[in-house]
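Hi everyone, thanks for making time for this one. I'd like to walk you through a structure and stop at a few spots along the way. Please have a look at it first.

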Amino acid sequence: MYEQDVVVGKFRELAATLPPFTGPDDFRAHWRDLAGLGVLNEGGDGWVTEAVARFEGLGLGGIDPGLCYGAASQLFGIQMPLRMLLSPTQLELLDGTATGELLLCHASTEEGGGSDPLSGTTTATRLPDGSYRLSGRKSFITAAPVADRGLVFARTGEGRSPFALSAFLVDLDSPGVIRGAREDKSALPGVPMGSLTFDDVTVPAGRLVLREGAGLTVMAATTTCERALLLSYALGPMRRLLEETGHWATTRRQFGRPMGASHQVAGRVADMAIRVHRSRELIYGMARRLDEGTAVRHLSNDAAMVKISVTEDHLHLAETAGMLAGVRAFIRDRDGFADLASALAGSVYAGPNDLLRVSVARGLGLPVGNH
C-alpha cells in the first residue's frame with residue numbers, strides 16, 4: 001500500500017466525524033469543521049501529495065463536493081502559490097487560512113470575459129501616498145459571498161501590454177466593497193459563488209503582490225497550481241461512482257443473470273476503472289513533482305493537460321455511471337447518483353478546456369495564434 005493510501009483511508013474515516021452538510025447558508029461553519037481536520041495545512045516533506053490524499057479521502061467519505069472544491073481551490077490555487085510569491089512581511093496576510101478563520105477567493109473573472117485577463121476593465125490607480133484606488137466589478141467568483149480576503153487582479157496599465165495587470169490582496173470588509181447576490185448554480189452548489197464590486201476601494205501599497213505590472217506572473221502561478229491539483233477533490237467522487245457502479249452491476253439481475261455478466265457492461269465498468277486509475281496517477285504525479293521541488297513555471301503545459309484529462313475522465317465516468325444506474329443516477333442521496341452538471345463544470349473552471357488545448361499546442365511549438 002502506498003503511503004498516500006494510508007492518508008486517503010484516514011480522511012475517509014474522518015469524513016464520518018463531521019456534521020452533515022446543510023448547504024451553502026452554513027458554509028463558514030462547515031469550512032471551519034473541514035479545516036479542523038488539517039485539510040488546509042501546508043508544509044513538511046511531501047505535504048502536497050498528502051494534501052491530495054486528504055481531499056481524495058474526504059470525497060470517498062461523502063463530503064459535499066462543492067465544499068471540497070472550495071477548499072482545494074483555496075489551498076492549491078491561492079495559498080500555495082502565494083506562499084511562493086509574497087514577501088516575508090506579507091506572509092502574515094495568510095494567517096488563519098489553515099484554521100479556517102480566514103477564507104480567500106480568487107477574483108479575476110469579469111462579465112466580459114475570464115480567459116482573457118487583459119480584456120478586464122477593473123482598474124487600480126496609484127495615489128500620491130503609494131496606495132491604490134480600486135474600481136470595477138468581478139463576477140462568478142467562488143466563495144465571494146463569504147470570503148474575507150480576495151486576490152484581485154486589476155489594470156495598472158493601458159492596452160494589452162503584458163505588464164498592464166497587477167494583483168492585490170484586498171480585505172473584503174473594506175469600505176466600497178459590495179458583494180453581489182449568491183448565484184443559483186446547478187454545478188457544485190455546496191460552495192457559494194457571486195460578484196464583487198469595488199467602488200473606489202483604498203488598497204494599501206503593502207497589499208500589492210510582487211510588484212506593479214506583475215499580475216500575469218501571479219496569475220500564471222495560481223492557475224498552474226490550480227490546474228495541476230484542483231481535481232484532487234474529484235478523485236473521491238470518481239472512486240465512489242466506480243464502487244457503486246461495480247456493486248450495482250454485480251447485484252442487479254436482468255434477464256436471469258447479473259447485469260455485470262454482460263460483456264458490454266463489464267467493459268464499461270472496466271473503462272471507468274481505467275479512467276479513475278489514470279486520473280489518480282496524473283494528479284499524484286504532479287503533486288510528487290512539486291514536492292520534489294520542480295518550479296511551477298516549468299509545469300504550465302503539463303498542468304493544463306492534467307486538468308483537461310481528469311475533467312474529461314470525470315465527465316465520462318458520470319455519463320457511464322448514469323447509463324448503467326438508470327433513473328437512480330438522477331435521484332440525489334441514492335447510490336449511483338451521477339452529478340453530470342458538476343462533472344461538466346470541470347471543462348469550464350480554471351480555464352476552458354478548448355483554450356487550454358490551444359495553450360498546449362502552442363507549448364508544443366505549433367504556430368497557433370491568440371485569435
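**A short tour: a patch, some salt bridges and a pocket**

Let's start with L366, which sits in the segment after α10 (353–363). Keep in mind that we are looking at a predicted model. L366 is partly exposed, at a relative accessible area of 45%. Together with L364 and V368, L366 forms a nonpolar patch on the surface, and the accessible area of the three adds up to about 280 Å².

Now for the charges. How many salt bridges does a search of the whole structure find? It finds 20, and I've picked three for today.

In the pair D148 and R28, the side chains meet at 3.1 Å, N to O. This salt bridge links distant parts of the chain, with D148 in the loop between β3 (132–142) and β4 (149–155) and R28 in helix α2, 120 residues apart. Is each partner buried or exposed? D148 counts as partly exposed, at 26% relative accessibility, while R28 is buried, at 18%.

Next come R280 and E56, whose side chains meet in a salt bridge at 2.7 Å, N to O. Here R280 belongs to helix α7 (residues 263–291) and E56 to helix α3 (residues 47–60), and their positions lie 224 residues apart in the chain, so to speak: the pair links distant parts. R280 counts as buried, with 17% relative accessibility, and E56 counts as buried too, with 0%.

The third pair is R160 and D116, a salt bridge of 2.9 Å, N to O. R160 is in the loop between β4 and β5 (165–171) and D116 in the loop between β1 (104–107) and β2 (123–126), so this pair ties together parts that are 44 residues apart in sequence. R160 is exposed, with a relative accessible area of 53%, and D116 counts as partly exposed, at 29%. Going back to the second pair, salt bridges that share partners join R280 and E56 with D5 and R239 into one network.

Last stop, the second largest pocket, which holds about 920 Å³ of space. Its lining has 37 residues, and G62, I63, D64, P65 and F337 lie nearest the centre. Among the elements giving two or more residues to that lining are α2 (27–35), α4 (65–85) and α8 (300–325). Which element gives the most? That is α6, with five residues. By class, the lining has 19 nonpolar, nine polar and nine charged residues.

That's the tour, and I'm happy to go back to any of these spots.

Methods:
Residues numbered from 1 in each chain as written. Predicted model: local features only at pLDDT ≥ 70, side-chain atom pairs only at ≥ 80, totals over all residues. Heavy atoms only, no water. 1 Å grid on protein atoms, 1.4 Å probe; cavity = no way out; pocket = protein on both sides within 12 Å on 5 of 7 lines; lining within 4 Å. Points joined across faces, edges and corners; volume = space filled by probe spheres on them. Helix = DSSP H or I, 4+ residues; strand = E, 2+ residues; numbered from the N terminus. Nonpolar A, V, L, I, M, F, W, Y, C, P; charged D, E, K, R; others polar. Patch = residues over 30% accessible without salt bridge, like charges linked within 9 Å, V, L, I, M, F, W, Y side chains within 5 Å. Areas by Shrake-Rupley, 256 points an atom, 1.4 Å probe, with all protein chains shown as cover. Salt bridge = Lys/Arg side-chain N within 4 Å of Asp/Glu carboxyl O. Buried < 20%, exposed > 50% of the residue type's maximum accessible area, 1.4 Å probe, protein only.
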